[in-house]
Amino acid sequence: MKLDHVSVNLGGCPILKDISVHAQAGEVTGILGPNAAGKTTLLRTIAGLVKPAEGTLHLDDQNVVTMRAAKRAASIGFVPQRFRGEVPFTVRQIVAMGARHRGPSEARHAVDGALETCELSELASRPFATLSVGQQQRAVIARALAQISSPGVLLLDEPLAALDLRYASTILGIIRQRARQGDTVIVSLHDLGIASASCDQAWLLSDGQLEAAGPPDTVLSEDRLERVYGARFERLQRQDGRDWIIPATA
Amino acid sequence: MSMAATSITVHGPHASRTVLPLIALLLLAVGICVLRYAIDRAPGGGVTLAWPEADWAVFRRTSIFAGLIVGGGLGLAGGLMQSLLRNPLASPYLLGVSSGAGLGVMAAMAIAASAGMVSAATVDWSVPAMLGAIGALVVVLALGRRNGWPDPVTVLLSGVVVATICAGGMMLLQHMVPMDVRGRFLTWMMGTLPEIASSPQLILAGVVVLGGIVASVMMSGWLDASLLGDDEARTLGVPIGPLRLVLLGVAGMVTAVTVAMAGPIGFVGLIAPHVARRTVGHSHVVLLPATVLVGVVIVVGADAARQAIDLGSGRLPIGVLTILAGGPVFLWLLRREVRSLEA
């Protein structure tokens with residue numbers, strides 16, 4: 001996924017400014033930055049939901065903006081941060097919506113696999129509206145898994161926000177697994193510690209601009225974080241050598 | 001289109017919960033049509049059930065065929081409107097179609113009155129009704145756009161305002177025409193299934209409604225996904241803007257055909273989707289055929305009921321029956337829905 005000088009305006013306001021960056025297949029890329037930095041808009045732009053005012057987005061030499069909707073749906077899965085919880089379908093039906101472009105038996109296989117991966121098999125017949133927000137989040141992730149054919153692009157906007165520790169760990173594992181299968185995984189995160197521990201690449205946004213892109217350890221330098229966030233951070237060393245970044249206490 | 005056509009329910013583990021009620025609705029609709037064919041009020045006032053004599057059979061068949069078109073059309077249009085606008089209170093008439101048709105008929109009556117033609121009992125008002133309905137539909141869809149495509153809230157607001165403007169126009173014209181013309185117009189507004197109609201008129205209306213049903217069911221998978229929200233639907237490959245434009249156009253055209261044929265018949269398009277949802281669930285591949293069948297049951301059933309009701313003032317207009325019976329039924333459904341959500 002390659003972005004070339006992408007700028008996005010919403011309601012006349014510039015939200016993303018001249019972003020040029022690319023995400024590699026087989027890697028997990030984290031989009032980081034303070035509130036209103038443009039993380040969600042960047043993900044929505046990559047998903048083809050927002051048309052850039054300038055610049056181009058390419059997936060394997062194909063322009064994402066002009067790509068046929070059905071082709072884009074088979075290649076790019078998007079898990080939004082917020083979704084309608086009051087939809088009148090079961091979990092299985094919700095997940096099956098992601099697999100509608102597949103043949104019946106392939107779709108059933110993809111849906112069963114996604115339900116199992118997200119530990120939702122036992123909830124498959126439950127109405128989506130009766131689930132907790134965390135369970136709904138997993139169902140929406142399962143739908144994206146059933147949707148894209150590897151190698152594809154999996155976009156997740158704050159996927160851990162509603163999840164407890166166990167399921168956060170499960171989803172991080174799924175994300176890593178999809179990257180190993182050859183998918184391009186791009187995930188927006190607020191938790192810099194999780195980002196530095198889980199992502200291969202980091203894009204740091206500030207006020208709609210790309211502040212830095214590269215391996216998390218180099219992108220998330222203390223002086224840069226202090227400048228972008230206007231706050232101080234502490235950097236801890238994990239046993240595996242990776243950094244763990246937490247907000248500094250007063 | 002193959003993507004849109006894929007069902008998410010009938011292939012699932014609960015097919016019997018949706019298909020069997022759909023078959024039951026089909027049998028009920030057939031039964032109601034048979035009842036309408038047989039029911040009659042004897043000259044003495046009693047209700048009889050018997051196959052009509054050959055001379056009368058053609059009128060009954062015409063009335064039943066019109067009931068199939070009007071009931072099925074209003075049911076379909078109501079189901080489409082409520083899903084496309086994600087609003088359980090949406091009805092086909094929110095597109096301004098009935099008011100537009102009313103304005104068309106009232107304008108035609110005013111012109112005919114000035115030419116001394118309105119007293120003719122055989123005047124067919126379906127053409128001005130159709131023109132008025134399509135005119136209002138085009139205006140609502142043109143004004144209800146956002147980023148080039150119909151937007152639910154903007155369509156609703158545009159529909160309400162266009163309907164109000166048309167109502168104002170109707171009142172102005174009613175004020176200007178003689179009393180007998182006013183009476184004729186009010187009778188038209190109450191809605192009546194025709195017992196006399198030309199074959200081309202019935203066939204054309206039938207083709208429009210049938211085409212609408214087929215097109216809508218083919219897009220049922222997309223309609224399911226559209227309930228998730230615009231962004232999610234688009235990421236699933238649903239062309240949400242064109243889908244809304246096409247299916248609002250279908251709903252509007254189908255409604256225009258029904259209003260041109262029978263006048264505005266209230267509540268059918270509002271209630272039928274609610275009854276259908278409680279019967280077969282929310283998956284559009286079965287929901288839309290179910291709303292069509294419920295619409296047929298309501299309209300043909302009301303037409304059968306009006307044969308049996310004698311208030312000494314002639315047969316009741318069908319629109320009066322559907323509103324007086326449909327209103328309480330809708331309130332009952334609403335209370336059941338609210339109770340099911342209560343802890």
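**Sheets, helices and a shared core in a two-chain model**

In chain A of this predicted model, four strands line up in the order β2-β1-β4-β5 to form an open sheet, and their pairing is antiparallel. The strands at the edges are β2 (13-22) and β5 (62-63) of chain A; each has a single partner strand, so one side of each is left without a neighbour in the sheet. As background for reading such an arrangement, strands of a sheet pair through backbone hydrogen bonds, either parallel or antiparallel.

The pairings can be followed one by one. β1(A) and β2(A) run antiparallel and are joined by six bridges; within this pair, Asn9(A) has Pro14(A) of β2(A) as its bridge partner. β1(A) and β2(A) make a hairpin with two residues between them, and in the turn Gly11(A) has a positive phi of about 60°. Towards the other edge, strand β4 (residues 54-59) of chain A is joined to β5(A) by two bridges, again in the antiparallel sense. Here His58(A) finds its bridge partner in Asn63(A) of β5(A). A helix also meets this sheet: α1 (residues 39-46) of chain A lies across β1 (2-10), β2 and β4 of chain A, and runs at about 65° to β2(A).

Chain A holds another open sheet, built from six strands in the order β6-β7-β8-β3-β9-β10, and its pairing is mixed. The edges are taken by β6 (76-79) and β10 (209-214) of chain A, each of which pairs on one side only. From one strand to the next, the twist averages 15°. A parallel example within this sheet is the pairing of β6(A) with strand β7 (residues 153-157) of chain A, which involves four bridges. In this pair, Val79(A) is matched with Leu156(A) in β7(A) as its bridge partner. Helix α6 (residues 165-180) of chain A lies across β3 (28-32), β7 and β8 (184-188) of chain A, at about 150° to β8(A).

A further strand pair in chain A is worth a look. Strand β11 (residues 233-237) of chain A is hardly covered, since none of its five residues counts as buried. β11(A) pairs with strand β12 (residues 243-247) of chain A over five bridges, in the antiparallel sense, and Phe233(A) stands opposite Pro247(A) in β12(A). Five residues lie between the strands of this hairpin, where Gly241(A) takes a positive phi near 95°.

We can now turn to where the chains meet. In the contact between them, 22 residues of chain A touch 20 residues of chain B. On the chain A side, the elements that give two or more residues are α2 (69-75) and α3 (91-98) of chain A. Of these, α3(A) gives the most, with five residues. By class, the chain A side divides into 14 nonpolar, four polar and four charged residues.

What lies inside the model can be described through its nonpolar residues. In soluble globular proteins, nonpolar side chains tend to be buried together. The largest nonpolar core here has 173 residues, and those with the most contacts inside it are Val95(A), Ala142(A), Leu155(A), Ala133(B) and Ala256(B). Helix α13 (residues 284-308) of chain B gives the most to this core, with 15 residues. Leaving aside residues up to four places away in sequence, Ala142(A) touches Val95(A), Ala114(A), Leu115(A), Thr117(A), Cys118(A) and Leu120(A).

Chain B offers a helix pair to examine. The axes of α3 (residues 54-84) and α8 (residues 199-218) of chain B come within 10 Å and cross at roughly 30°, and the crossing is left-handed. From α3(B), residues including Phe65(B), Ile69(B), Gly72(B) and Gly73(B) take part, meeting residues of α8(B), among them Leu202(B), Ala205(B), Gly206(B) and Val209(B). The contact of α3(B) with α8(B) has eight nonpolar, five polar and no charged residues.

A final stop in chain B is Pro239(B), found in the loop between α10 (230-235) and α11 (240-262) of chain B. Is Pro239(B) buried or partly exposed? Pro239(B) is partly exposed, because 18 other C-beta atoms lie within 10 Å, whereas a buried residue would have 20 or more. The C-alpha atoms of Pro239(B) and Met219(B) are separated by 11 Å, with the two residues 20 apart along the chain.

Conventions
Residues numbered from 1 in each chain as written. Chains lettered and ligands numbered in written order. Predicted model: local features only at pLDDT ≥ 70, side-chain atom pairs only at ≥ 80, totals over all residues. Axes fitted to C-alpha atoms, helices over the stretch in contact; angles between N-to-C directions. Left-handed = near helix turned anticlockwise from the far one by under 90°. Contact = placed C-beta atoms within 7 Å. Nonpolar A, V, L, I, M, F, W, Y, C, P; charged D, E, K, R; others polar. Buried ≥ 20, exposed ≤ 12 C-beta atoms within 10 Å, placed from the backbone. Pairing = 2+ DSSP bridges. Core = buried A, V, L, I, M, F, W, Y, C linked by C-beta atoms within 7 Å.
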